[in-house]
Each structure stands twice: as structure tokens, then as C-alpha cells.
Amino acid sequence: MKEFTYVRPAAVIEAVTLRAGRPGSRYLAGGTNLVDLMKIGVEQPDELIDVTGLGMDRIETTLDAGLRIGAAVSNSDLAVHPAVRQDFAALSQAILSGASGQLRNMATVGGNLLQRTRCAYFADISLPCNKRNPGSGCPALAGEHHNHAILGWSEHCVATHPSDMVVALMAYDATVEAHTPSGPVRIPISDFYRPVADTPHLETTLPEHALITGVTVPPAPPASSRYRKVRERASFAFATGSVAAALTVRAGAVHAVRIALGGAASHPWRASTAEAALLGEPATEDSFAKAAAAELAEARPLPHNQYKVALLRDLIVAVLGDLAVEAGA
Amino acid sequence: MTAVGSGRTRLEGHDKVTGAARYAGDVPADGLLHGWPVLATIPRGRITGIDTSAVQAMPGVVAVLHHGNSPRLVEGAGWTDADPNLQLLQDDRIPYAGWPVALVVAETFEQARAAAMALPVKYHAQPWDVTFSAAHPGLYTPDEVNLHQPSETAHGDLDAGLSASAVVLDRTYTTPEEHHNAMEPHAAIAQWVGGRLEVVDSNQGSYAVAQDLAKLFALDLSQVRVRSEHVGGGFGSKATTRPPAVLAAMAATVLCRPVRVVLTRRHMFSLVGYRPPTSQRIRLGAAPDGRLLAYEHLTATQTATTFEYVEPAGVVGKVMYAADALRIGHRVVRLDVPIPKWMRGPGEAPGAFALESAMDELAEKCGIDPIDLRIRNEPAVAPGSGRPFTSRNVVACYLEGAKRFGWYERDPRPGIRREGRWWLGTGMGAATYPGETAPATAAATAEIDGTVTIRITAADIGTGARTALAQIAADALSLPVEWIRMRIADSDFGPAILAGHSFGTASWGLAVDEACKALRARTTGTPTEPITVQVNTAELIQAMGRPERHAFGAQFAEVAVDVLSGEVRVRRLLGVYAIGRVVNPLTARSQLVGGMVWGLSMALHEEAVRDPAFGGHLNANLAGYHYAANADVPDIEVGWVDDPDLANPTGIKGAGEIGIVGVAAAIANAVWHATGIRHRNLPITPARVLATPPEGPRA
Ligand SMILES: Cc1cc2nc3c(=O)[nH]c(=O)nc-3n(C[C@H](O)[C@H](O)[C@H](O)COP(=O)(O)OP(=O)(O)OC[C@H]3O[C@@H](n4cnc5c(N)ncnc54)[C@H](O)[C@@H]3O)c2cc1C
Ligand code: SF4
């Protein structure tokens, strides 16, 4: 790890100014991802700007019963907040399915949005990797990719975004709020992550030096929601596949549905094709299966992650089926 | 009431939980320096340049040792065999990715790490091969497997046996490369004190480490002292001298200051041994009643180019079942990979996965209950040697286990039990591990305050050995345990066998018992000045010969499998063992539970991954290398049956290794019982479960 300086600004604007004035600096939140990457040389900042003392640690319910979550709120606090548990169950479940208790105590909302991929090549500076070292190649394509993306990847990078929390935020149509040197910006989560294309090193549309200040979530749809994650051990593992979904059934038909997938794509993946295929259809296993198949029709698995196609398809069907039962359909 | 047989918390338990116990990486020293090994990033080739000037000026850097400037080491050091992993920084050759090419020494740990990461090392790479397969053209038959056992064992006419068999099973089972991750990483601190090289090291046997260091540095053994008072897990990875002790001693010698070297997890993946992958072909031929006419177990495995370690997966067959014809063989291929070595239950752990899975498949084919099949094939003598067992109480384990587990209420048909999305099943497997005894020196001192001090170069690697030895001493002296002071893990106490191969407590226990008896013969009551007697059990053990003495066990598992998601959850594990005399039921139980947890981990999680294009590991850390997390581990029940066996007068057989043996098979067999699908390749991951969906309605 390279030597670095550490600063702890007291105001958002001060943090952004510091960051803009020092190209080699990075924001430090819980440090559970950034510090790990520093230890293995993937990140080599010369200054860390601690953003946990900027008053961004509150969760508020908005007037219309939506949420405003400060960027420095810990994953643990967010998961157990009463309003989250009651109205945004999938968000609470998604967070609690991630990492471990100790990590969730440290990890923040802002850091979770910006955590980097767990691709093994990305984490080893002696190896090529387009995301870490643009133009050096993507060895995962021909190498180890059993937990890599089946949707939305390009031949430049096939890595997944590892977050569970963001899969739920996708389903809830959240918006990311940030502060840039030229003022505040709001970015809908659906626009927050870039398609991989030939720039896998550019992961988000967040303007340069911007500090994420919070996330807003519109009022929860009148539906029950759920997050289900499959992983290689019962705890403390990233998703091999996960589904966040919310379903409203009226008179036996799908009135509203939100589906997002984790462990599937270069970023948490909104399953819009499946959603469109379901609207107005009977809330039956048959419809769910057709919609899931439609979503996964564009999946492009590699030799060692083929299993994910059936896994995600069956997970979508299973989760929607459970929600339909809950809704009394 | 005797101390042996009563449950006792660890003598050092309070020190450990309060942090007072100092492990090798905690030992303070004035002027301490920190060494960080820099690892090769290519699997084969030569170092063509190390630009030390690039880091020499970095903050805190004191030295960069490499093959061009480091002290020359004497060749041939190593326990039982010369260990090339100890010839550190001696030449420019790279035998595998992860081989140390330099040691950066700095004033702080962080400075050493920063400079190590910045050190430019240039290589000339040569073509490499790191990919094991059972079809590898480089496979050959070694003369010996682990610890100089014969590679091949055979009797009877195998082909005739197979052709006379009504039922023939021919299956191949694979286990992946698995790695050590003891809670405490390997660490050592070395310094010269009054003309002696003093090392505090994390190891399983300080005497052998002292011998190695003396040899490497051309010192008299009396000039070296190695201690390892507290060790946070070893499991074979600390059985022999490891690079931290050598590197710390090299740097301390060059720099005349105390030097500490602590490995990271990544370092551990290449420097402390591991369980090599195996591919095991088993052919069983049986009469219609399940009696074995032919038994063949052929193992293929990998070793390094620099050392021939052969995982002895076939040795289970020399102990477990009677068969008219027997053939056990091993083949090995040398690859450009780190040196594999002992890992809990070496041989038996992967071997029993294959054998005990095959026995379950044979039971299915013959339509016989798996326990009945095993009982039908109980041998009268050891199948490998034809010699009698000193004791064999495996059937008692089966029966006691079956009773506790509710085995006989089980419907043998696979794939018929559901609970929501979960498919349920149960399975069992047998376990065995040698119960050997090796020489040790022990001293007992009658102190003037009435207490007795025991000195022995035993290692307590978390097993509770220190406490068990105090219990043995207390009984031998008819004193309360509180009156015994245990001093262990100091090479100055004389030669003693290391903590490994499950012979630690049996071997040290015998020496302590002998020493205490000898002391008793010399003195009764409290002496006016300390009286010490020292014994060595070498002759006694020579006279005992090497009888067929083995521990046994039966493992039972209940699993739930979600065939849509591929998730496997173990709901229940039970192990019942015949392990001779149990000195301390509390710590013995912990050891066995630990072994069973590891068996679960082996069944479902553990697998090191490399990319043949680069040759190094891709998951050399605890986030990427999955082992069972707490949430994976269910209620575990442990029991033991009476197993009197005084071939070692202490009656102890050892509980260290056997807990892991047979667990993976019990789980795989339970997965079959749940789903009707046989999983012959470990680990049984969601991807593997999904790749072979069961037949019939899935939900
Ligand atoms: C072993 C392990 C297992 C894990 N398992 C899971 C899992 O199963 N599921 C899962 O979802 N996650 C998992 N995680 C990841 C964990 O959720 C993230 O590490 C965590 O959310 C990151 O948050 P942080 O506050 O610690 O971020 P940091 O490490 O502090 O920062 C991460 C990145 O975000 C930037 N950043 C932080 N805050 C801001 C801000 N306000 N504005 C702009 N940039 C900012 C930093 O500069 C840095 O680039 C795991 C992590 C580990 C180490
Ligand atoms: S998948 Fe992406 S992160 Fe992984 S090696 Fe390829 S480019 Fe790098």
C-alpha cells in the first residue's frame, strides 16, 4: 500500500473542493472496498477524504412516504430502519443478504453503489484487465468466469457489479443525489451505471469528482416485495444470482411488477423485458415462466456460467410465484 | 477420580481469550524490523533483474534481500526429506508462481509492504504447465507415497475377481486443490541473543524447526532455540519449517536486529503446503450379497517440480474392507505449482470421499443397506498387510451412530422427500486414521513447593494438548491437575515428535507418563531441592514395532437440496468414533467437531482456482476461497464408543485428523439420497447441482 494522507472535511462542499483539487485523492467511506483494493495495489490514492463526517448519515421518510437515505448511512442501519423493513422489504432483505455483519456495520450506501467488481483478474495487478488497465485485455473471457455476467456484457469486460443493495434500489426506481464542484445533480438509478461497451473502466455516469450525498426512493408501490439471493455458501458470499421483485395483482392479473437481477450483468439489471411481458397477464406460473424466458432470451453465457441462465429464470419464476401467493392471487 | 477422562477447559484458555497469550506475530522486541516476502508472478522461469535502488530510498526500508545478496544456506534441511521450499533466495530460478524472489525489510510492516509492492522484478518466463488432469501424459508411478509408504499394494487376482463379480462398479471421483487457512497465519520472529539464534515461530514442532535452522545456517544445534508457545491452528501446514522462520533468521543474521515475518493469506496459498487435486478411479466387484471379490483404487494427483509429495489417497483401502483381490496404486505428475503437503487427514480425507461414495453406490446396486454392506465386508486382518489390528471397533461406531441418527427409519429410495423447495436426504460414510506413536523426550521436575513441572517440546496448536498432558501427568503422579506446571514448545526441552499425523498426544502422553513414573520411583513427597528426571521413549517405541493400530469412525449427514437454485444445506451431522482413550472429552469433542466442519467445507465449498494462462491462483484470499461460514454449519453431534487399546500404554489413538475423514462422502451420499443424483466431483456447488438436474417434477 502506498503512503497517503488523510483528511476529514466537515462539509460537503469542502469535501468536493478537496477532491477536485487533488486528482490522486479518493473519497473514503466505510473503506471495506477501497482499503482492500489499496492493500493489493489496485487503488493507489495519495489522499483519502473521509466522507463519514458530513452529516450524510440520516434516513428520512419524505412527505409522500418515499425515502431519502444519506450516502454515509451504514448498510446495517438502513436494513433495520422501520420504514425500510415495512415498505421496502426487498431493500432490507438485499442488504442483510450481503457480506457479513461486521462489514455491513462499516459499509455505506455511497460506497455500496460504487464498489468494484469481484472479478479475480481485476484484483491482481500482475494480470491484464481492461477494467483496471484499459486496453490490456480481458482474460476472464477465456479463463475463469463461472460467476461472471450473462447479460449486457461486451467482449471488453464480462464482470458483474457485485452489489445486492443496488439490485433492490433498481427495482424501487431510486435516484442518486450527488454534489459536484458546480452544484448538485440527480441521476436516476437506471441511468447511473453505464453500459460496458469498450470502456469497462468507466462504470457510472457520476460526474468527475462528484460526491454522492444520498439516494432517494419514491413511495413504495402498493405491492409486496422480496429479494432472493443464491450464493455458494449460506452467508458471506456474493450472489451467483439474485432477484428483487415487487408484484401487484388485481383480479388475478398482473397490475404492476418490478424485477431486477443481481449477479447477472455488468450492473444490477432491471428486467424490463420481463416486466413488459407480464403487464395485464394472468398472475400464473405460466406467465412468469414466459416472461422470465423473454428476459433471458438475450443472455449470452460463456462456457462456465451457463448454469446462470436457468438459475435466474427459475429464480424469477419462484420469487414472482411466492409474491403472487402472498398477494392472494 | 482420575484426571484423564474428565472434561477440562484449556489451561491457557484465560490467556487466550483475554489476549494475554502471545503468538509468534505478537512477540515484541526492541528495534524490531519487518520482512515482507515478494512473490514471483510467473510460474516458471528466471529472475533477470531486481531493481532494489527503486525502493531503497522509500520510507523505512532497511534492506532488500534476494538471491544476489542473501546469506548462503546449507542444502538438505527438512524433516524426513530435504525441503526445497527452505532454500530461499538462493538462486534465480522460479519453480512456481508465488515463490519468494525477495524479502523487503523495513522499520514498519506497512513500509515493508509498500516497498515490496513497488519493487521492480524482471523475469524471463519459460513455458509452464499448471493444469492437472487424470489424462496428463506426464503421470508416472512413484516409488513411494507420503512418508515413505509403498505406492502400490496388491494381492489376489483382480481381473479374476472382477469377472467373477455379479455386481461391478467402476467410478471416478475427483477432489480439487484445497488450501490451508489456519486462523493464525504463519509468522516468525528471529533474533540473535548472546550468540544464539532465538526464534519464536508458529509451528507444530519446534525441535525439528531448530534442527532445520541449525542445518541451514551451519550452526550447532545448541546455538539455536525455537519456541512456539501458542499456535493458532496448524493442520499440517506448520508441521515442518516454513519460510517465515528461515527468512526472518536470514534477515536477522544480515542486519543484526530482530526481524519478524508474517505471511498474508496470499503468501499462504503458495508457501505452506496444500492438498493437491486428486482423480480417483475405484473399481469394486461384489457377489450378489455385497461381499467384495475385487477392490481397486487408483489415484492420480499432482506434485511440484521441486519435490515429490504424493497424496496417499489409496491408503484407506489397506485398512477398511476385506476383498479377495486388492490393488491400490498411485500416480503423480510434476507441474509448475507450489509444493503440496499434509493437510488434515492427508490421504484419508480425499481417499475416503472416493471410497465411501463408491461403497454407497455399491450398496445401491446390490440393494443392501450401506451399513450392512460395510459390516459384511469387515476384514479379519488389515487388508493391506495381512496383520491383525490391535483393536477395531468400527462396527460399534456404525451401530451406535445408526441408533443416534435414526438411520434405520430411513427409506432407502432416493429423491422422494420434500419440504417446500427443499429435497431431503441422509447419508453415511466410514472414517479411519492411523493411531501411531513416535518418540519424544519428557522431563518431570519435582519442585520444592510440591508441584511438578513437565517439560516437553510438544506443540499445542489449539487442540488442548497442553491440558491433556497435564491430565496425564496428574494421574501418573496422583496429584491434582492444578499441581502440574506445563512447559511446552521449546526446542531446548529436547527432541519430540511434532504435532501431526494424530500422534501428538499419544506420543507425548507416553513420554510424560514415563517421566512421571520415573520421577515417582525416584522420590515421594516434596523434595528439599528440585529433582528432575528425563526420559526418551525411542527404545520403548522401537520395541512396540509398527502394529496395525487405527482409529475408526462413522459419519452421518442429513442434507436439504434446492434443485432450482442448486443450494445444498447440511441440516445435521453426527460422528461416532473409536479413538482409544479420550483424555479430555471437552477438547477432543472440539477437535472432532472442527474436523467435521472442515469435511462439510470440503464437500460443498473449498476449491482453489488457477488460470492456466498465468499459472497463479485467482482466489488466494478468504473472500474468494470459500470455506464453510457459520451459517453453513448445522448442529453437530459427536460421540465415541469404548475402544480399549493398550498397544500404546496410554490407550490414546488421537483425534486430530479423523474428524474430517468420511464427512464429504456422507454429505455427497445424502445429496444422492435427496435427489437421486450422484456428485462425484467436489465441491458440490450450486453450478454443479444445476448442471445435473434430477428427473421428475422439480418443485
Ligand atoms: C469479504 C466481503 C464480502 C462482501 N460481500 C458482499 C455481498 O455479498 N453483497 C454486497 O452487496 N456487497 C458485499 N461486499 C461489499 C460491500 O458491500 C462494499 O464493500 C461496501 O458496500 C462498500 O462501502 P464502503 O462504505 O465501505 O465503501 P468504501 O470502500 O469506503 O468506498 C468504495 C468506493 O466508493 C467511493 N465512495 C464512497 N463513498 C462515496 C461517496 N459518498 N461519494 C462518492 N464516492 C464514494 C470510494 O471512493 C470508493 O471508490 C463485501 C465486501 C467484502 C470485503
Ligand atoms: S471481466 Fe472485466 S474486470 Fe474481469 S478481467 Fe475482464 S475486463 Fe477485467
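## Two cavities

Sorted by class, six nonpolar, six polar and four charged residues make up the lining of the largest cavity. Asp, Glu, Lys and Arg count as charged, Ala, Val, Leu, Ile, Met, Phe, Trp, Tyr, Cys and Pro as nonpolar, and the rest, with Gly, as polar. Bear in mind that this is a predicted model, in which local features need pLDDT of at least 70 and side-chain atom pairs pLDDT 80 or more, while totals for chains, interfaces and linings use all residues. Residues are numbered from 1 along each chain as its sequence is written, chains are lettered from A and ligands numbered from 1 in the order written, and side-chain values use heavy atoms, without hydrogens or water.

How much space lies in the largest cavity? About 150 Å³. A cavity here is a set of points on a 1 Å grid over the protein atoms alone where a 1.4 Å probe fits but cannot get out, and its lining residues have an atom within 4 Å of a point; points join across faces, edges and corners, and the volume is what probe spheres set on them fill. The largest cavity has 16 lining residues, and those closest to its centre are A:Lys131, A:Pro200, A:Glu203, A:Ser266 and A:His267. In total, the structure holds six cavities of 30 Å³ or more.

The second largest cavity comes in at about 80 Å³. It has 15 residues in its lining, and four cysteines, A:Cys119, A:Cys129, A:Cys138 and A:Cys157, are among those nearest its centre, along with A:Ala159. By class, the lining of this second cavity splits into 10 nonpolar, four polar and one charged.

## Around strand E3 of chain A

Now to some sheet pairings. Strand E3 of chain A covers residues 47-50, with A:Glu47 and A:Ile49 pointing one way, A:Leu48 and A:Asp50 the other, and all of them buried. Buried means under 20% relative accessible area, exposed over 50% and partly exposed in between, with a 1.4 Å probe and protein chains only. That back-and-forth fits the usual pattern: in a regular strand, side chains alternate between the two faces of the sheet. Strands (E, at least two residues) and helices (H or I, at least four) are DSSP runs numbered from the N terminus, and two strands pair if DSSP finds at least two bridges between them.

E3(A) has parallel pairings with strand E1 (residues 5-7) of chain A, over three bridges, and with strand E2 (residues 25-28) of chain A, over four bridges. A:Leu48 is a handy landmark here: A:Tyr6 stands opposite A:Leu48, and so does A:Arg26.

Just along the chain, A:Pro9 is in the loop between E1 and helix H1 (12-21) of chain A. A:Pro9 is buried, with a relative accessible area of 3%. How far apart are A:Pro9 and A:Glu203? In sequence they are separated by 194 residues, and in space by 26 Å, C-alpha to C-alpha.

## Two open sheets

In chain A, four strands in the order E9-E10-E11-E12 form an open sheet with antiparallel pairing. Its edge strands are E9 (224-231) and E12 (269-270), each pairing on one side only. Inside this sheet, strand E10 (residues 239-250) and strand E11 (residues 253-262) of chain A run antiparallel and are joined by nine bridges. One such bridge partners A:Thr248 with A:Ala256 in E11(A).

Chain B has an open sheet of five strands with mixed pairing, in the order E20-E21-E26-E27-E28. Strand E20 (418-419) and E28 of chain B each have a single partner strand, so one side of each lacks a neighbour in the sheet. E20(B) runs antiparallel to strand E21 (residues 422-434) of chain B, with two bridges joining them. B:Glu419 has B:Trp422 in E21(B) as its bridge partner.

## Aromatic contacts

Phe, Tyr and Trp rings (six-membered ring for Trp) pair if their centres lie within 6.5 Å; planes under 30 degrees apart are stacked, over 60 edge-to-face and the rest tilted. By this rule there are 12 aromatic pairs over all chains. A:Phe192 and A:Tyr193 are edge-to-face, because their ring centres are 5.0 Å apart and their planes at 90°. Both A:Phe192 and A:Tyr193 are buried.

In chain B, the rings of B:Phe269 and B:Tyr625 have centres 5.4 Å apart and planes at 75°, so this pair is edge-to-face too. It links distant parts of the chain, 356 residues apart: B:Phe269 sits in helix H7 (residues 265-271) and B:Tyr625 in the loop between helix H14 (585-604) and strand E28 (635-640) of chain B. B:Phe269 and B:Tyr625 are both buried. Elsewhere, B:Phe405, B:Trp407 and B:Phe556 make up one aromatic cluster.

Technical notes
On a 1 Å grid over the protein atoms alone, a cavity is a set of points where a 1.4 Å probe fits but cannot get out, and a pocket is an open set with protein on both sides within 12 Å along at least five of seven lines; lining residues have an atom within 4 Å of a point.
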